[in-house]
Amino acid sequence: MLERKYLAEKYAQEIQAILEKYPSDRRQSAVMPLLYLAQRDKMYVSREDILEIGEILGITSTEVASLIGFYTLYYDQPKGVYRIQVCVDLPCALRGAEKFLTELCDRLGIQPGETTPDGLIAIEPVMCLAACDKAPMFQVQSGAGLTYHENQTVENALSLIEQLRRDAAGRRVAGHERGRDANG
Ligand code: FES
């Protein structure tokens, strides 16, 4: 048994709402939305989250962890605040996706699979994202959800990344101001 249940403390209502969508004999199916909830703020699922989700659903932590390993949308390690997942599967590769990925990473000074030094942007190659005739294409995963970007150029992608950095800076400032107001 976990001593402290962070998910239950933080997301009691959301967890209840998720569980209510499933009949009691199908509760285990709630594992995916619970993983998504656990990952939403910090962009990865911690060891404690895995244990707690297992306890909530009555399944083993190994079963929960195996889903994280299987799906590209879940992570068990901290990485960028924004994850840019570039499809390099064959149809996209034929439309220049690998060159796009390499050039984009070069411009950011990182290798595919790495995160920018500011900790904000992770770039990684993934398999088909179901937009095979619109390469280069990628999805951006963040705590706010997923956005898709098709028929991209490196310049377009860099503009988007600058916008994401501005958004993140804006949220940091808003967070500081809230903290200052709360402290009087
Ligand atoms: S092969 Fe890239 S989206 Fe399908």
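Colleague: Which residues touch the most other members of the largest nonpolar core?

Modeller: In soluble globular proteins, nonpolar side chains tend to be buried together. In this predicted model, the largest such core has 22 residues, and Ile84, Val86, Cys87, Ala97, Leu101 and Ile123 touch the most other members.

Colleague: And which helices and strands each supply at least two residues of that core?

Modeller: Three strands do, namely β1 (82–87), β2 (121–126) and β3 (138–142), along with two helices, α7 (97–108) and α8 (154–182). The largest share comes from α7, with five residues.

Colleague: Is there a second core, and what does it include? I'd like to know where to look.

Modeller: Yes, a separate one of 11 residues, including Leu34, Leu35, Val45 and Val64.

Colleague: Back to Cys87, then. What is cysteine 87 in contact with, leaving aside its neighbours within four places in sequence?

Modeller: Try picking these out in the viewer: Cys92, Ala97, Val126, Met127, Cys128, Leu129, Ala135, Met137 and Phe138.

Colleague: Now the sheet. What is the order of its strands?

Modeller: The general idea is that strands of a sheet pair through backbone hydrogen bonds, either parallel or antiparallel. Here you have an open sheet of four strands, ordered β2-β1-β3-β4, and the pairing is mixed. At the edges sit β2 and β4 (145–149), each pairing on one side only. On average, neighbouring strands are turned by 20° against each other, ignoring direction.

Colleague: How many bridges join β1 to β2?

Modeller: Six, and the two strands run parallel. For a landmark, find arginine 83, which stands opposite alanine 122 in β2.

Colleague: Where does α7 lie relative to these strands?

Modeller: Helix α7 lies across β1 and β2, and runs at about 160° to β2.

Colleague: Let's zoom out. What pattern does the chain follow along the sequence?

Modeller: Reading along, you get α-α-α-α-α-β-α-α-β-β-β-α, with eight helices and four strands in total.

Colleague: How is the chain divided into domains?

Modeller: Domain 1 covers 6–70 and domain 2 covers 82–182. Their C-alpha centres lie 26 Å apart.

Colleague: What about the whole chain: what does its C-alpha trace span along the principal axes?

Modeller: About 50 × 50 × 25 Å. Of the 184 residues, 23% count as buried. As for contacts between residues at least 6 apart in sequence, 59% join residues at least 24 apart.

Technical notes. Residues numbered from 1 in each chain as written. Predicted model: local features only at pLDDT ≥ 70, side-chain atom pairs only at ≥ 80, totals over all residues. Domains from an automatic or database assignment. Buried ≥ 20, exposed ≤ 12 C-beta atoms within 10 Å, placed from the backbone. Contact = placed C-beta atoms within 7 Å. Core = buried A, V, L, I, M, F, W, Y, C linked by C-beta atoms within 7 Å. Pairing = 2+ DSSP bridges. Axes fitted to C-alpha atoms, helices over the stretch in contact; angles between N-to-C directions.
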